[in-house]
Amino acid sequence: MKPTPYLILLALAEGSRHGYALMKEIDRLTDHKVRLNPGPLYRALDSCVELGLIEIADERPEPVLDDERRVYYRLTRVGRSVLGAETDRLGRLVAGARRLGVAGREGTR
Amino acid sequence: MQRAIVALFPPRFRKLYGGQILQFARDARADGRSTSFVSLLGAVVAAWAAEARRLVGGRRPGLEHRAARSRWFATSVQDVRGAARYLRRQPLLALLVAPTLALAIGAAAGTGAVVESVLLRPLPFPDSDRLVMVWDQFRGINDDEVELTADQYQTYRQDPLFEAVAAYRRYNWNLTTGADPEPVTGVSATGSLFGVLRRAPALGRGFSPSEDLPGGPRVAVISDGLWSRRFGGRASALGESVALDGEPYTIVGVMPRGFGFPAEGVDVWVPARLGDTGGSQRIFEIVARLRDDVTSADTASWASRMTGHFVDAFGIPADYAAMYAVRIVSLHEQVVGRVRPALLAFFGSVCLLLLIAAANVAGLTVLRNDARRHEFAVRASMGAGRARIVRQVLTENTLLSVVGGVLGLGLAWLLLHVLPALDVSLPRATDVGLSATTIVVTVLGSAVIGAMFGAVPAWRVTGCDLRGVLTEGGPAGRGTGGQRPYRGLLVVVEIALATVLLVGAGLLVRSFINLQQVDLGFRPDGVLAADLYLPASRFPTGDDRVRFVDEALRAVVALPGVESAAIVSGLPLRSPGQRDSLTIEHRQKPAGEPPIHVELQLVSAGYFTTLAHDLRSGRLFTSNDTAATEPVAIVTETLARRFWPDGAAMGRRVALAGTRPRRWLTIVGVVGDVRAQNVAGPPADALFVPYVQAASSERSLPRRITLAVRGAGSGGDLVGIVSRAIRGVDSGTALADVALMRAVVDHALARPRLASWLVGAFAAVAVLLSALGVYGVVSHTAATRTREIGIRVALGARPRSVLRAVTARAAWLGASGLVLGVVAGAAAGPVLSRFLFGISAFDGTTLVVATAALMGVVALAAFVPARRACRIDPVRAMRHDG
């Protein structure tokens, strides 16, 4: 799985979000290492929708807090299980790498 | 801009996500972030690619596709390599063309970046296009915007035209928290300000309604800069207190980084505490947010309605009513309006220059390709398709202009970095930078220019029968020569342009030299100036201020390295003095005479020595002029001569208009004229009064005064000790706006200096271009006539006659260009003369020198290739011809 769709699924794990909120959540999740621009973000959203991983959410926050032009996305059941499976796979990969003694700069601290 | 890019997406994608992307950009703006156009453009390309894949059935590129693609790629690499090799073999060409393009592209990209960041980019407030400023205006008397009263604010607040209205006024405070007092600029604003701007504090909150009432608690919102500077960026700064002029204010909020309203560098916002109260003092500026459905027609009719309303409300007399107007202007216009025409005109001329440069390069390419017909023909005969050759030529040109574009970007970057040093006061200067958009547009633009102007020579290559060239012989074959009228025209235009620019540059440089030699009326070198704010809280009465000033001056004069020091209400070219008008004793005022305006300066006794004013007659102020002695005044020469032409100003008495009962001041001295407002304009009439005497009258020493210190050296070395000395007298007073008078004078001359530099640079480029053009024409003539020249030389023609034959056309073109240029220059004269000082736009010397210089360059450019033609060995020329 490519990193961007994975990050999108991850950012939606806690609930539905709209585009800009997604970007901010991904920014936060990655310690400000990944800042998605709207173009790539919506292209990735498009492919996730197409693959059935996410869908447009119909529940919305209070109208006063919100702008109706925003579209909220949420994980589908498939998306949630894909997220779990991919997380497991990455975890095993990292665990394997650690067993081999591979460590980046953060690991050596 | 974003809207335009979103429109480029494939329809399906746009329908699904276009609105969301725009909303994303709005959200980002509300957060104070910008959205990258480049990534959007990239996404457009990617989305189209994906769409194309979708159309062919979602098939990934198969092996066949890949092979074709890699073949295409390999050919391109081959082309680029070939082009690079070719350019290496022709270093002169690359050395001429790439810098020409780089210069033109650099200038265009640099100004483009300024235009983009100052004029096009929206202000950093959400939906900033709805923000307006409201002013009063008295046309003919005071064309500038006039501040409004609290009463007007209360009226506007109720007005359905606006969603929200805020009034504010600017302050200068001494920030006295902690060890070092620091001057800060601040704003006292109604609580609605942050709502109008739709920007909330990043930390804490804005003003609550109860804090914005008369007698409310003293609270403050501070800037991110002040927060990190004085409070180490601690969140606990909220609730701490900050002392402004000794008054403690509780910090309730910190604005986000980059927020600056009404100007960059404002550090503190406090509530105006107006509530519903009114007032008739004109002290407020008003910013408002229009309702969404309000159109510009609505605002116009609203302004005229309001004008009528306030004429009645203020009871403006009939003869002034016609001058009064309510003026509503968009905030963006308010910020950048003044510089827009100049910036756009400048950008336009730079683009013109770029076009001419590119056309010139194209001319050069045509010339070069004519010489390469043989090579092309050989390649064609060996099986290269025509398309292949066109592609090669295009690649060469594009490579050349992309190299030029990249060099140009470097130049633009350099330009933008020296921009602050050029000392032009440009609004939003901190926003100026090479944005990704500018970079992409520049690189793409230069590639497009390269391809466009490469297309001309490329078509010419395909347009002729290459095999014919081969059988016919070399480049000198029949039917390949001929004069191209468009290139001749180009050269004429170039030379004309160069003439105009060179003459213009010469005039501007000489006008700048004149400006530098203007007698300012004072000697700026070695003088240090700094402002002092004397807040009412610490110095409640005029006497308190006088006492402080006395002590401060004594302390400063006692410092080592200080020759003299003085206090003044405003220094020439730096801070304007008070405008006032005079009444002259025993003088019958002619009917209809306008008031006699003077700049009133309150000075200490040492002022004239410190600034080195020339005393023309009478005496200077001394320490014997005190509050108890006869009120005295010193006037400037022109003023004295106007009313007392016989030189009998001494002992006459004048009074300032506002004093009741009249307080007569006896003129005791006349000093030389002073350029107080600007260097170029006529000197302002000034009236000097000892501040000790003024302080005892109703015009007391202002809160903001200026300290001038003359040192033995440049003055710059005094800052530290003077500042310590002042703090020794009063620990809460800091020096603000410290500047050397030399720098102040330089700043006043910054615009003419910049103008002469810029036009000079333009002229240099234009001269280079016309030299290139002439060089091209002459080389072309020489190349197409090689055989003829060979024969003529073989028949014993003298070099001189060959030279004449080859350069005849260039000489004709050059002469036409010069004449055209002089005519165009004469037409532009009236426009130019507005920017000139002490020199006529039709100055003969400048004209002669500039045209002679240009003629020299053009002659040299013609001579070099012509000389080569004369050296043709007749035998080789004939053999080569085959």
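**Exercise 1. The nonpolar cores**

Task: In this predicted model, find which residues have the most contacts inside the largest nonpolar core, and which helix gives the most to that core.

Solution. Step 1: The largest nonpolar core has 86 residues. Inside this core, A104(B), L501(B) and V774(B) have the most contacts.
Step 2: Helix α24 of chain B, residues 750-784, is the element that gives the most to this core, 17 residues.
Step 3: Take L501(B) as an example. Leaving out residues up to four places away in sequence, L501(B) touches V759(B), F762(B), A763(B) and A766(B).
Step 4: Another core, of 71 residues, lies apart from the largest one. A676(B), A686(B), V709(B) and A748(B) are among its residues.

**Exercise 2. Helix α24 of chain B**

Task: State what span α24(B) reaches and how many of its residues are buried.

Solution. Step 1: α24(B) has 35 residues, and from its first C-alpha to its last it reaches 51 Å. This is close to the 51 Å expected at 1.5 Å a residue.
Step 2: Of the 35 residues, 26 are buried, and the helix is mostly covered.

**Exercise 3. The two faces of helix α22 of chain B**

Task: Decide where on α22(B) the buried residues lie, and what they pack against.

Solution. Step 1: α22(B) covers residues 719-729, and its buried residues are V722(B), A725(B) and I726(B).
Step 2: Looking down the axis of α22(B), these buried residues fall within an arc of 100°, so they line one face of the helix.
Step 3: The face turned away from the buried side carries the exposed residues G720(B), R724(B) and G728(B).
Step 4: The buried residues pack against β12 (527-533), α18 (542-557), β21 (704-711) and β22 (735-740) of chain B.

**Exercise 4. A hairpin in chain B**

Task: Describe the strands β7(B) and β8(B) and the turn of their hairpin.

Solution. Step 1: β7(B) (residues 241-244) has alternating side chains. V242(B) and L244(B) point to one face and are buried, while S241(B) and A243(B) point to the other and are not.
Step 2: β7(B) pairs with β8(B), residues 247-254, in the antiparallel sense over four bridges. The bridge partner of S241(B) in β8(B) is T250(B).
Step 3: Two residues stand between the strands of the hairpin, and D245(B) takes a positive phi near 50°.

**Exercise 5. The fold of chain A**

Task: Give the secondary structure of chain A and the order of its sheet.

Solution. Step 1: Chain A has four helices and three strands, and from the N terminus on its elements run α-β-α-α-β-β-α.
Step 2: The three strands form an open sheet in the order β1-β3-β2, with antiparallel pairing. β1 (17-18) and β2 (54-56) of chain A each have a single partner strand, so one side of each is left without a neighbour in the sheet.
Step 3: β1(A) is joined to β3(A) (residues 72-75) by two bridges, and H18(A) has Y72(A) as its bridge partner in β3(A).
Step 4: Of the 109 residues in chain A, 28% are buried. I8(A), which has its place in helix α1 of chain A (residues 3-11), is buried, with 26 other C-beta atoms within 10 Å. Beyond its neighbours within four places in sequence, I8(A) is in contact with L22(A), A44(A), L45(A) and C48(A).

**Exercise 6. Where chain A meets chain B**

Task: Work out how many residues each chain gives to the contact, and which element of chain A has the largest share.

Solution. Step 1: Chain A gives 13 residues and chain B gives 19 residues.
Step 2: On the side of chain A that touches chain B, α2 (19-29) and α3 (38-50) of chain A give two or more residues. The largest share, six residues, comes from α3(A).
Step 3: By class, this side of chain A has five nonpolar, three polar and five charged residues.

**Exercise 7. Unusual backbone angles**

Task: Locate H32(A), R273(B) and P262(B), and describe the backbone at each.

Solution. Step 1: Most residues other than glycine have a negative phi, and most peptide bonds are trans.
Step 2: H32(A) lies in the loop between α2 and α3 of chain A, and its phi is near 65°, a positive value. With 9 C-beta neighbours inside 10 Å, H32(A) counts as exposed.
Step 3: R273(B), in the loop between β9 and β10 (285-290) of chain B, has a positive phi of about 55°. R273(B) has 19 C-beta neighbours inside 10 Å and so counts as partly exposed.
Step 4: P262(B) lies in the loop between β8 and β9 (266-271) of chain B. A cis peptide bond joins F261(B) and P262(B), with omega about 0°.

How values were computed. Residues are numbered from 1 along each chain as its sequence is written. Chains are lettered from A and ligands numbered from 1 in the order in which they are written. This is a predicted model: local features need pLDDT of at least 70, side-chain atom pairs count only at pLDDT 80 or more; totals for chains, interfaces and linings use all residues. A residue is buried if 20 or more other C-beta atoms lie within 10 Å of its own, exposed if 12 or fewer, and partly exposed in between; C-beta atoms are placed from the backbone. Two strands pair if DSSP finds at least two bridges between them. Two residues are in contact if their C-beta atoms, placed from the backbone, lie within 7 Å. Ala, Val, Leu, Ile, Met, Phe, Trp, Tyr, Cys and Pro count as nonpolar, Asp, Glu, Lys and Arg as charged, and the others, Gly among them, as polar. A nonpolar core is a set of buried Ala, Val, Leu, Ile, Met, Phe, Trp, Tyr and Cys residues joined through C-beta atoms within 7 Å. The arc is that of the directions from the helix axis to the C-beta atoms. The expected span of a helix is 1.5 Å times one less than its number of residues.
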